[in-house]
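Visitor: I would like a close look at the interior of this protein, and at one part of it in particular. Please take me through what is packed there and what surrounds it.

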Amino acid sequence: MLNEMVIKHPWVRDLHPMTFEKYLGEHDGRRFDTVLSLFGSPSYIDPDAIPELPRLATRQCVLMHYVEGYIPDYEQKDGFDPSAHDASREAAHRLLDTYPGSCHLLNKFQVVIVRTD
């Protein structure tokens, strides 16, 4: 999917197709205009790493977590605990204590947008 985006939008550069935790461990001090983590993917980020995301953005950070209790289709199996995503979602919401921004509900997602400029 990232390859298709680059083909359609050749001006897009500096993509890092890896987990955030891996990128953070290899971080070389670069910052990005906007940091995006969409459609539930930040629900899987270690909650202790969430506060680092806005520090990588010069303008804004957008995090789209699953809402409380939502279980994606591919995780609907016996024994899955949806509270596993709660700590990450709550860490994102706490960013609003430090950064100006907003929190919105959009279908099955909680969207936290913080300004870092």
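Guide: In this predicted model, buried residues account for 33% of the 117 residues in the protein chain. Before turning to the interior itself, here is the frame around it. The chain has 3 helices and 4 strands, and they follow one another along the sequence in the pattern α-α-β-β-α-β-β. The radius of gyration is 15 Å, which agrees with the value near 13 Å that a compact globule of 117 residues would have. Along its principal axes the C-alpha trace spans about 40 × 35 × 30 Å. Of the contacts between residues at least 6 apart in sequence, 58% join residues at least 24 apart.

Now the interior. The largest nonpolar core has 18 residues, and Ile-50, Leu-53 and Leu-63 are those with the most contacts inside it. Two or more residues each come from helix H2 (20-26), E1, E2, helix H3 (86-94) and strand E4 (109-115). E2 gives the largest share, 3 residues. Leu-53 shows how such contacts run: leaving out residues up to four places away in sequence, Leu-53 touches Phe-20, Val-35, Ile-45, Cys-61 and Leu-63. Apart from this core lies another, of 5 residues, including Met-64, Tyr-66, Phe-109 and Val-111.

The part to examine closely is helix H3. Its buried residues are Asp-86, Ser-88, Arg-89, Ala-91 and Ala-92, and what covers the buried residues of H3 includes E2 and E4. Ser-88 is located in this helix. Ser-88 counts as buried because its relative accessible area is 1%, and buried means under 20%. With neighbours within four places in sequence left aside, Ser-88 is in contact with Pro-42, Ser-43, Ile-45, Pro-47, Ile-50 and His-65. Two of these partners have appeared already: Ile-50 is among the residues with the most contacts inside the largest core, and Ile-45 is one of the residues that Leu-53 touches.

Two other positions serve for comparison with Ser-88. Pro-51 sits in the loop between strand E1 (32-37) and strand E2 (57-66). Its relative accessible area is 30%, so Pro-51 is partly exposed. The C-alpha atom of Pro-51 is separated by 25 Å from that of Val-12, a residue 39 places away along the chain. Asn-3 belongs to helix H1 (residues 2-8). With a relative accessible area of 61%, Asn-3 is exposed, since the term applies over 50%. Between the C-alpha atoms of Asn-3 and Leu-15, 12 residues apart along the chain, the separation is 9.9 Å.

That leaves the outer surface. The protein chain exposes about 7500 Å², and carbon and sulfur atoms supply 54% of this area. The chain carries 12 positive and 18 negative charges, and the mean positions of the two sets are 7 Å apart.

Notes:
Residues numbered from 1 in each chain as written. Predicted model: local features only at pLDDT ≥ 70, side-chain atom pairs only at ≥ 80, totals over all residues. Heavy atoms only, no water. Buried < 20%, exposed > 50% of the residue type's maximum accessible area, 1.4 Å probe, protein only. Rg over C-alpha atoms; globule rule 2.2 N^0.38 Å. Contact = heavy atoms within 4.5 Å. Areas by Shrake-Rupley, 256 points an atom, 1.4 Å probe, with all protein chains shown as cover. Lys, Arg positive; Asp, Glu negative; His and termini not counted. Charge placed at Lys NZ, Arg CZ, Asp CG, Glu CD. Core = buried A, V, L, I, M, F, W, Y, C linked by side-chain atoms within 4.5 Å.
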